[in-house]
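Me: I am new to this structure and would like a close look at one part of it, the enclosed empty space, with its surroundings described afterwards. Please go slowly and explain each term as it comes up.

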Amino acid sequence: MAEQDFSGKTAIVTGAASGIGAVVAEELAARRAHVIVSDLNESDAAEVADRIRDAGGKADVCAADVADADASRRLVEFAQEKGGSLHLAVNNAGIGGATEPTGDYPLESWRKVIDVNLNGVFYGMRFQIPAILEAGGGAIVNMASILGSVGFHNTSAYVAAKHAVLGLTKTAAIEYAQKGIRINSVGPAFINTPLLSKNLDQATLDGLAGMHPMGRIGTCEEVSALTCFLLSDRASFITGSYHLVDGGYTAQ
Ligand code: NAI
């Protein structure tokens, strides 16, 4: 579809070595964007970039820690160097953190989750926005969660960070609404990625599936479809909003 053709556009995807980020990077590239595949994990990011190039797409790898402001600035400079200019960004890198009740929550995990899941999104936008303005406009998607709008036992840092991502997204969106940058957040429910499969056993995964009215957890492709739509010109009047892809989870 013409409006979801990202020819001539350069896109940064953070956390692109795995799960949702990898699928978003591959879909953007299949839709002809030049994708900067960024992650802490450089070797897995290189595999994603190889898959993109094998499929005829354009990709470069940039190892970066989103919790490091300077690395976020260098990532944007890398994208400008490789792609000419930056038009699109998906601030997707995220971690789960400890699972403890708030009264016992480990302070170190709190700091780490806020650093990656919240500060990382701010550092990303802090340097992406000036570059996208320079390019004449574009769009950003920040990966939140259903836990950006509802609570969940034993995950206070994650829930707090994801709620904050919604506020950050709204504020940046209104600041740049007349300057050609649309900024939205996406709220997936539980999605089948290593973030879940590495941390949870099958019985827990089955239990999570049952919490969704659709009776299953989601796929990375379902999150990617929404993300790519929001980045595309088909979403030209959509900014500052939070878009769920949750199988009905938050409708209950
Ligand atoms: P994942 O664990 O499969 O992939 C996350 C990627 O981020 C990994 O490649 C990891 O190396 C990278 N990463 C972690 N810390 C980083 C840092 N400091 N700097 C750069 N890269 C870093 O996770 P998944 O499930 O694909 O999650 C992606 C995003 O979607 C996260 O923001 C997560 O919170 C969000 N999300 C995931 C859900 C799920 O059920 N899987 C549900 C709702 C939201």
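By class, how many nonpolar, polar and charged residues does the lining of the largest cavity have?

Reply: The lining of the largest cavity has 4 nonpolar and 5 polar residues, and no charged ones. In this count Ala, Val, Leu, Ile, Met, Phe, Trp, Tyr, Cys and Pro are nonpolar, Asp, Glu, Lys and Arg are charged, and the others, Gly among them, are polar. The model is predicted, so local features need pLDDT of at least 70 and side-chain atom pairs pLDDT 80 or more, while totals for chains, interfaces and linings use all residues. Residues are numbered from 1 along each chain as its sequence is written, and side-chain values use heavy atoms, without hydrogens and water.

On a 1 Å grid over the protein atoms alone, a cavity is a set of points where a 1.4 Å probe fits but cannot get out, a pocket is an open set with protein on both sides within 12 Å along at least five of seven lines, and lining residues have an atom within 4 Å of a point. Across the whole structure, 2 cavities of 30 Å³ or more are found, where a volume is the space filled by probe spheres set on points joined across faces, edges and corners.

The largest cavity has a volume of about 50 Å³, and its lining consists of Thr 14, Ala 64, Val 66, Ser 72, Leu 75, Val 76, Asn 91, Gly 124 and Gln 128. Helix 3 (69–83) and helix 4 each supply at least two of these lining residues, and helix 3 gives the most, with 3 residues; helices (H or I, at least four residues) and strands (E, at least two) are DSSP runs numbered from the N terminus.

In the second largest cavity there is about 40 Å³ of space, lined by Thr 14, Val 66, Asn 91, Asn 92, Ala 93, Val 116, Gly 120, Val 121 and Gly 124. Helix 4 contributes the largest share of this lining, 4 residues, and by class the lining of the second largest cavity has 4 nonpolar, 5 polar and no charged residues. Thr 14, Val 66, Asn 91 and Gly 124 therefore belong to the linings of both cavities.

Turning to the open spaces, the largest pocket has a volume of about 1,300 Å³. Its lining holds 48 residues, and Gly 94, Ile 95, Gly 96, Tyr 158 and Leu 195 lie nearest the centre of this pocket. Helix 1, strand 2 (34–39), helix 4 (107–134), helix 5, helix 6 and helix 7 (202–209) each supply at least two residues of that lining, which divides by class into 23 nonpolar, 19 polar and 6 charged residues.

The largest pocket is also the space taken by the ligand. Of the 28 residues around the ligand (each with a heavy atom within 4 Å of it), Ser 18, Asp 39, Asn 92, Tyr 158 and Thr 193 come nearest. By class, this shell has 18 nonpolar, 7 polar and 3 charged residues. Helix 1 (19–30), helix 5 (156–176) and helix 6 (194–197) each supply at least two residues of the shell, and helix 6 gives the most, with 3 residues. A polar side-chain atom of Ser 18 lies 2.6 Å from an oxygen atom of the ligand, and an N or O atom in the side chain of Lys 162 is 2.9 Å from an oxygen atom of the ligand.

The second largest pocket contains about 230 Å³ of space. It is lined by 17 residues, and Gly 138, Ala 139, Gly 180, Arg 182 and Asp 233 are the closest to its centre. Strand 5 (138–143) and strand 6 (181–188) are the elements that give two or more residues to this lining, whose residues divide into 6 nonpolar, 6 polar and 5 charged.

Conventions: Polar contact = N/O pair within 3.5 Å; in protein donor to acceptor, adjacent residues only side chain to side chain. Sits in = over half its atoms within 2 Å of the grid points.
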